[in-house]
Amino acid sequence: MLHRFSLVAPHPIPASLCHHVSQTIEDLTSDYDARPVMTVGLHAHTWLFEGPDPDDAGGYGSRYSTRADFNEELRGPAMALAIDSALMTGKMAEAGPAAIVTDVDSTFITTEAIEMLAAHAGVEEEVRAVTEAAMRGELDFSQSLAHRVAMLAGMPESVFGHVLAEVRLTPGARRLVEEIHARGGRFGLVSGGFTEVVGPLAEREGIDRFVANGLSVESGALTGRTYGTVIDAAAKVAAVETWEREWGIDADMVLCVGDGANDLPMMRRAGLGVAFQGKPVVREEADCAVSFPRLDAVAALVGWDIHA
């Protein structure tokens with residue numbers, strides 16, 4: 001089965017680390033392709049090689065009894081040097097994902113939209129404390145959402161335009177969308193934020209599909225309530241499953257990116273789950289992580305060259 005291992009960092013990758021990776025792979029095979037990945041402003045390297053099926057009982061060569069042992073030998077030294085890495089197998093290893101789905105707040109954009117709304121209402125600190133607890137998995141998301149939205153009651157609906165104007169994309173976000181589209185793939189956003197902000201953002205950035213919560217408005221002012229399905233962890237999974245059927249894409253060819261505990265279920269079922277500057281529980285459970293604020297580092301992890 002085809003395997004790909006990649007390294008990416010915002011700083012140079014030591015030659016000694018690349019040598020260690022090559023030696024580890026040579027425990028399995030001498031037939032592998034190693035090359036730098038061309039990504040503006042980043043440093044990345046990727047290895048493509050044949051290895052055993054992860055489900056086979058035979059293990060990984062003479063030194064490693066399981067894929068986890070092999071993965072640890074590859075990734076351990078990189079982690080010690082603050083260099084992000086990923087090991088993938090099968091079709092994802094060969095060509096990269098056919099679809100990328102990301103969270104929005106603190107992933108596709110640099111901030112939390114609800115905190116931006118709260119800043120206009122003068123309750124930013126109160127809302128931020130609840131948001132952070134929910135993202136760490138300490139609070140039920142639906143209850144925390146209702147509590148935070150209630151604090152926005154009475155704000156004029158014109159606040160949506162102000163917040164949209166203030167939204168800033170995470171560096172590399174637009175480039176990642178362009179790269180998946182250039183390869184014939186799809187891009188989706190799943191957000192615990194709000195349709196009134198995410199919708200215009202998705203249209204502006206050429207996003208294929210999105211889901212988000214709706215904020216109820218009456219007589220030109222926010223009511224402090226949501227409408228429609230609450231986009232919690234289960235709803236994010238349901239959205240991804242719907243898009244997979246619509247696009248004719250298998251789950252193992254979908255790459256999911258998120259930073260909070262409510263992103264973990266969709267990341268677990270994906271072909272590759274990437275924690276993006278994630279909370280500790282997310283970093284621990286994800287397949288791999290990007291620990292610095294460049295979303296196009298995801299492209300480098302799957303071996304895609306980006307020249308501009």
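How much space lies in the second largest pocket? The second largest pocket holds about 270 Å³ of space, and the largest pocket has a volume of about 350 Å³. Both values were computed from a predicted model. This briefing describes the residues that line each pocket.

**The second largest pocket**

- A total of 14 residues line the second largest pocket, and those closest to its centre are R67, L87, M88, T89 and G271.
- The elements α2, β4 and α3 (91-95) each contribute at least two residues to the lining of the second largest pocket.
- Among the contributors, β4 provides the largest share of this lining, namely three residues.
- Sorted by class, the lining of the second largest pocket comprises six nonpolar, four polar and four charged residues.

**The largest pocket**

- The lining of the largest pocket consists of 16 residues, and R75, M79, R283, C288 and A289 lie nearest the centre of this pocket.
- Two helices, α2 (67-80) and α13 (280-285), and two strands, β4 (84-89) and β11 (288-290), each supply at least two of the lining residues of the largest pocket.
- The largest share of this lining, five residues, comes from α2.
- Sorted by class, the lining of the largest pocket contains seven nonpolar, three polar and six charged residues.

**Elements that serve both pockets**

- The helix α2 supplies at least two lining residues to the largest pocket and at least two to the second largest pocket.
- The strand β4 likewise supplies at least two lining residues to the largest pocket, and β4 gives the second largest pocket the largest share of its lining.

How values were computed: Residues numbered from 1 in each chain as written. Predicted model: local features only at pLDDT ≥ 70, side-chain atom pairs only at ≥ 80, totals over all residues. Heavy atoms only, no water. 1 Å grid on protein atoms, 1.4 Å probe; cavity = no way out; pocket = protein on both sides within 12 Å on 5 of 7 lines; lining within 4 Å. Points joined across faces, edges and corners; volume = space filled by probe spheres on them. Helix = DSSP H or I, 4+ residues; strand = E, 2+ residues; numbered from the N terminus. Nonpolar A, V, L, I, M, F, W, Y, C, P; charged D, E, K, R; others polar.
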